[in-house]
Amino acid sequence: MFSNRFNRWTVAAIALMGTVIATVPGAVLAQTPDHPSDTAAQFPTRNDLKSLTTSGSYLAARHASVERDAASAAAFYRSALRTDPKNNELLDRAFISSVADGDIDEAVKLAERVLTIDKTNRVARLVVGVHDLKMKKYASAQTNINQSIRGPITDLVATLLSGWAAYGAGDAKGGVATIDKLAGPEWYPLFKDFHAGMILELSGKEKDAGIRFERAYKLDDSMLRVTEAYARWLSRNKDSAAATAVYQAFDKKLARHPLIVEGLRDTKAGKKMPPLADSAQAGAAEALYGIGATLTRRGGEDLALVYLQLSLYLQPTHPLALLSLADLYESVKRPQMAIKVYERVPATSPLKRNAQIQLAIDLDSADRTDEAIKILKGVTSDDSKDLEAIMALGNIERGRKKFGDCGATYSRGIDVLPAGNDKANSVWYYYRGICEERSKEWSKAEADMKKALELQPDQPHVLNYLGYSWIDQGVNLDEGMKMIKRAVEQRPDDGYIVDSLGWAYYRIGNYEEAVKNLERAIDLKPEDPTINDHLGDAYWRVGRTLEAKFQWAHARDLKPEPEELPKIEAKIANGMTDDSNSSAAQADKKKDDGKGG
């Protein structure tokens, strides 16, 4: 949600976050508990915890931390701490795991114990300060927050939170002054003006707020929340046309963002829109979300997790913070955690539809495909022109080899494609062509592949797919080989495409060239069973029979498609006869992912 400029600015600052992360023992990236049906056998029960020794709980907690399961880690660390209450390392780990899990109330209790031992623990100070802010203990909040600073990122967050605490205590002027006093990197003024503006508008100083919002907007008109805050202020203090113009300018940079679409609808209707934040707690949540979301995308996941969980503690339904937290979990390949977060996005939020699409993608990756398809069919029935949801549904169906279904789904998208975006439209025909080819409707598939190339000439994956398909059928051999070679020229490090070239040579009987290219494909994708199977076949044809059987055995061990396994095993046992062909040549090739022949 933040601009590229701020992303660049944060690169250097992230390097300085070690002073905070160093206080986080075994820094734990965390989660909400997985879906109950998936984790009932893993998540610790009360009986599990009672039966474990201190060392057993500790080892279980460490394992959970490695698995990025903060809920289990926190439970096990707290269990160990109950049997060894004076162990400071266990206390630290239980504390940070609780923060990472989003159990802030429990984290506050542990933080207070941490601070009796180490009054300088900055993460503990921050957590207690945010708790105080939520409880409207503003003076105490400022005291604790001000002791949590050290480094550009943490200084900025603490100062913004302190400013909001001052506003909550009735001292808006002092809050703005606190923010304005902060000196630092060149990206500070954007946030200083943005948050000072929000404090000023809540304290009734609309004119002063407008000056600050306008300054922030001029510093970066591509920052979503600045755009929203300024447009909302304009709708109340200028006119709807001015607010609409601000939204429209953003829409040209990033089309159809749900919050911008909603803002445009409201301003065009002449509505006077409320401030972005309506309380000290909401303003502080905005500060924590803003920095946390940016750090998520800049390699600062541990600190980002702390900020996002604290933001949601202050404002549990903040949709952007929820989406950012889910995105963080996806970035560390924990879709089960992201699922639980997406489910928390309020049904009334304009971002609910985005959350539903991502939720479905994560459900599919967690092998809950029926649920994923049901959700996406619901989204597309609500809006038959929602191309993002239609594409997501088609991709899931294609990935699960529901080729008849995905062909029909992509057709729905093609029927409503906008004109004039040939490159984006090309992929629809390519994907539908894959589904048609796998459904044995080659004439339709060929037409779609040609249409995809018409819209985006020389697209390597389409060249590869169509070229290989022709060679596999024994037609258009010269043109097919030229296509695959053009694809390889563009993607020389794509193992799937290089495999297609090697296999094309195999199909036309040039086994020496086949071996040469398939060996290179193996170097690029050593874990792919189909490529290993291909290389085994090529080795056999050039008389390297021992190497062929080794390669087939390797293909067998890499878990090939179930229908391919008996064919590979037969070759391992008996080799290939002169008139036999490879399993992959006899069967449909692994094309459904669009990555190659």
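The following conversation covers the fold, charge pairs, disulfide and one pocket of a predicted model.

Student: To begin with the overall build, how many helices and strands are there in the protein chain?

Tutor: The predicted model has 35 helices and 0 strands in its protein chain.

Student: What share of the residues counts as buried?

Tutor: Of the 597 residues in the protein chain, 56% count as buried. The exposed surface of the chain comes to about 25,400 Å², and carbon and sulfur atoms supply 49% of that area.

Student: And what about contacts across the sequence: what percentage join residues at least 24 apart?

Tutor: The figure is 58%, taken among contacts between residues at least 6 apart in sequence.

Student: Let us turn to charges. How many salt bridges does a search of the whole structure find?

Tutor: The search finds 30 salt bridges. In general terms, side chains of opposite charge can pair when their charged atoms come close.

Student: Which residue does R93 meet in a salt bridge?

Tutor: The partner of R93 is E89, with an N to O distance of 3.0 Å. Both residues belong to helix α7, which spans residues 88–101, and because they are 4 residues apart there, about one helical turn separates them.

Student: Are R93 and E89 buried or exposed?

Tutor: R93 is buried, at a relative accessible area of 10%. E89 is partly exposed, at 39%. The cut-off for buried is under 20%, and partly exposed covers the range from there up to 50%.

Student: How far is R93 from A74 in space?

Tutor: The C-alpha atoms of R93 and A74 are 7.7 Å apart, while the two residues are 19 apart in sequence.

Student: Which salt bridge involves K253?

Tutor: K253 pairs with D221, at 3.4 Å from N to O. K253 sits in helix α16 (residues 240–253) and D221 in the loop between α14 (206–219) and α15 (224–237), so this salt bridge ties together parts that are 32 residues apart in sequence. K253 is partly exposed, with a relative accessible area of 48%, and D221 is also partly exposed, with 30%.

Student: What does D537 pair with?

Tutor: D537 forms a salt bridge with K571, the N to O distance being 2.8 Å. The first residue lies in helix α32 (residues 529–541) and the second in helix α34 (residues 565–574), so the pair connects parts that are 34 residues apart in sequence. Both D537 and K571 are buried.

Student: Which residues do shared salt-bridge partners join into one network?

Tutor: D180, D193, R212 and R215 are joined in this way.

Student: Where does R212 lie, then?

Tutor: R212 is part of helix α14. The residue counts as buried because its relative accessible area is 10%, the cut-off being under 20%. Leaving aside neighbours within four places in sequence, R212 is in contact with V176, D180, K192, D193, A196, G197 and L200. D180 and D193, both on that contact list, also belong to the salt-bridge network.

Student: Changing topic: how many disulfides does the count come to?

Tutor: The count is 1 disulfide. C406 and C435 form it, with their sulfur atoms 2.0 Å apart. The link is left-handed, with -125° about the S-S bond.

Student: Which helices hold C406 and C435?

Tutor: C406 is in helix α25 (residues 403–415) and C435 in helix α26 (residues 422–438). The disulfide links distant parts of the chain, as the two cysteines are 29 residues apart. C406 and C435 are both buried.

Student: Now for empty space. What volume lies in the second largest pocket?

Tutor: That pocket holds about 510 Å³ of space. Its lining consists of 23 residues, and the closest to the centre are R225, R232, L276, Q315 and P319.

Student: Which elements give two or more residues to the lining of the second largest pocket?

Tutor: They are α15, α17 (258–268), α18 (280–296) and α20 (319–331).

Student: One last residue: what does H131 touch?

Tutor: Residues up to four places away in sequence aside, H131 touches D105, V108 and Y313. H131 is located in helix α9 (residues 122–134), and at 16% relative accessibility this histidine counts as buried.

Technical notes. Residues are numbered from 1 along each chain as its sequence is written. This is a predicted model: local features need pLDDT of at least 70, side-chain atom pairs count only at pLDDT 80 or more; totals for chains, interfaces and linings use all residues. Side-chain values use heavy atoms; hydrogens and water are left out. A salt bridge is a side-chain nitrogen of Lys or Arg within 4 Å of a carboxyl oxygen of Asp or Glu. Buried means under 20% relative accessible area, exposed over 50%, partly exposed in between (1.4 Å probe, protein chains only). A disulfide is a pair of cysteine sulfur atoms within 2.5 Å. Contact means heavy atoms within 4.5 Å. Accessible areas come from the Shrake-Rupley method with a 1.4 Å probe; for residues, only the protein chains shown count as cover. On a 1 Å grid over the protein atoms alone, a cavity is a set of points where a 1.4 Å probe fits but cannot get out, and a pocket is an open set with protein on both sides within 12 Å along at least five of seven lines; lining residues have an atom within 4 Å of a point. Grid points are joined across faces, edges and corners, and a volume is the space filled by probe spheres set on the points.
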